[in-house]
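Me: Please take a close look at one part of this structure for me. I would like the strand pairing near the end of the chain, and then how that part sits in the whole.

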Amino acid sequence: MEQITLIAITKFGLETVVKNEITELGFENLRVSDGKIEFDAELSDIPRLNLWLRCADRVLLKIAEFKAFTFDELYEKTKTLPWEQWIPVDGEFPVDAKTVKSTLQSSKTCQSIVKKAVVDRLMDHYAVDSFSETGSLYSIKISIRDDIAQLTIDTSGVGLHKRGYREEGGDAPLKETLAAALVKLSFWAKDRLLIDPLCGSGTILIEAAMIARNIAPGLKRTFAAEEWPLIGSDVWQAARRAAQDAKLVNDDLQIFGYDIDAVSVKTARFNANKAGVSRNISFEQKDVKELWIDRQYGVLISNPPYGRRMANYRELNAIYIALNKTFRKKNGWSIYILTADSKFPDYFKRARPNRVRKLYNGNIKVNYYQYYGEKPPNEGV
Ligand SMILES: C[S@@+](CC[C@H](N)C(=O)[O-])C[C@H]1O[C@@H](n2cnc3c(N)ncnc32)[C@H](O)[C@@H]1O
């Protein structure tokens, strides 16, 4: 099948995680920039990448990259591209534009120019004077940065965080892509105990169970490129069958979630069930102040309320104090906390964090505080 260039889009701070995921899927020569990982692939790789990438937001097909200082230049260069190679006569091709630090400043004008150039090109090619746009979706993105225009077509459709298992979200749910990244950035491995004492709708634990069981995150959803005649349903079916066959049973995972809120616990159970991992995780309604840990080794990954969006500060302090009390002498526990509250390390006094990663939860700047625990005897990290 045809050689193409793909771009996996991710949130700032997660580029390395996504790069590793793409490498594990067998791709080489990855070019990493802010929020983007570009790499060469074949058209037939699009299904596998969309089905398996856990931490990327979407996968884009790169059409071209060129300098554009004037709208005429943008029009002419866009029109010379072989759009008919990708977009059939009934294809739907909306255009989305973004321009940053460039001579062409109006995203809206760039959007209409690109749309016009593609329409004109396709009209000439298909010898028609209008398009029904009733067929499969080819969402064109034009992004201009430092006067360099990049044109892509989105292969994913709905963002990859939508796995198809979460119908209900709870109060402030994490995106599934970020939750998976938190697990991947931790020292958790499937033979180790994992808890989230403030689990909300259970996203972190569900993603962990899916990683442990090698469940492809995209198995329960569809993708824009699934409708593209160019790839063909047989290639998609083969990728889906392979993902289905790759699932592991793993009945012995030790994953536990707690939340003070009964509705959140119910939602977490509902979501875990939909994700197919309900027998791998135990959820229980419990106040973190009542949490009692008798195990010497384990991993905790959690995102407490930030205080901005939920719970007042006094409640937040009580949560931090409870975590500190339970874990301050448990040196065999690795603790990972995602929060926008920079005061967390002042309360968690076991040690200073071994590492603080700057990430984004939606548009909120957050820190991922990582406290490494001692290694369990006779086990890996
Ligand atoms: C930011 S949310 C967690 C969201 C979760 N990561 C998800 O993806 O749905 C914080 C959770 O902490 C819970 N919580 C607040 N105070 C608590 C307490 N004292 N004990 C246990 N859970 C608590 C809230 O009910 C809420 O579900």
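**Strand 14 and its partners**

Reply: Start with one pair of residues: Ile335 stands opposite Tyr371 in strand 14. Keep in mind that this is a predicted model.

A second pair involves Tyr336. Its bridge partner in strand 14 is Gln370. Both pairs belong to the contact of strand 12 with strand 14. Strand 12 covers residues 333-339, and strand 14 covers residues 364-371. The two run antiparallel, and five bridges join them.

Now turn to strand 13, residues 355-361. Strand 13 also runs antiparallel to strand 14, and here seven bridges join the two. Arg355 stands opposite Gln370 in strand 14. Gln370 therefore appears twice: as the bridge partner of Tyr336, and facing Arg355.Which feature links strand 13 and strand 14? They form a hairpin, with two residues between them. Gly362 sits in that turn and has a positive phi of about 65 degrees.

Step back to the sheet. It is an open sheet of seven strands with mixed pairing. The order is 10-9-8-11-12-14-13. Strand 14 is thus listed between strand 12 and strand 13. The edge strands are strand 10 (281-285) and strand 13, and each pairs on one side only. Neighbouring strands of the sheet are turned against each other by 15 degrees on average, direction ignored. As a rule, side chains in a regular strand alternate between the two faces of the sheet.

Next, the domains. The protein chain is divided into domain 1 (3-154) and domain 2 (176-213 + 248-371). Their C-alpha centres lie 36 Å apart. Nine residues from domain 1 and ten residues from domain 2 make the contact. On the domain 1 side, five of the touching residues are nonpolar, one is polar and three are charged.

Last, the ligand. It is surrounded by 22 residues. The closest are Leu198, Gly200, Ser201, Thr203 and Ile260. By class, the shell around the ligand has eleven nonpolar, six polar and five charged residues.

Methods: Residues are numbered from 1 along each chain as its sequence is written. This is a predicted model: local features need pLDDT of at least 70, side-chain atom pairs count only at pLDDT 80 or more; totals for chains, interfaces and linings use all residues. Two strands pair if DSSP finds at least two bridges between them. Helices (H or I, at least four residues) and strands (E, at least two) are DSSP runs, numbered from the N terminus. Domain bounds come from an automatic or database domain assignment. Two residues are in contact if their C-beta atoms, placed from the backbone, lie within 7 Å. Ala, Val, Leu, Ile, Met, Phe, Trp, Tyr, Cys and Pro count as nonpolar, Asp, Glu, Lys and Arg as charged, and the others, Gly among them, as polar. Axes are lines fitted to C-alpha atoms, for helices over the stretch in contact, and angles run from 0 to 180 degrees between N-to-C directions. A residue is near a molecule or strand if its C-beta atom, placed from the backbone, lies within 6 Å of it.
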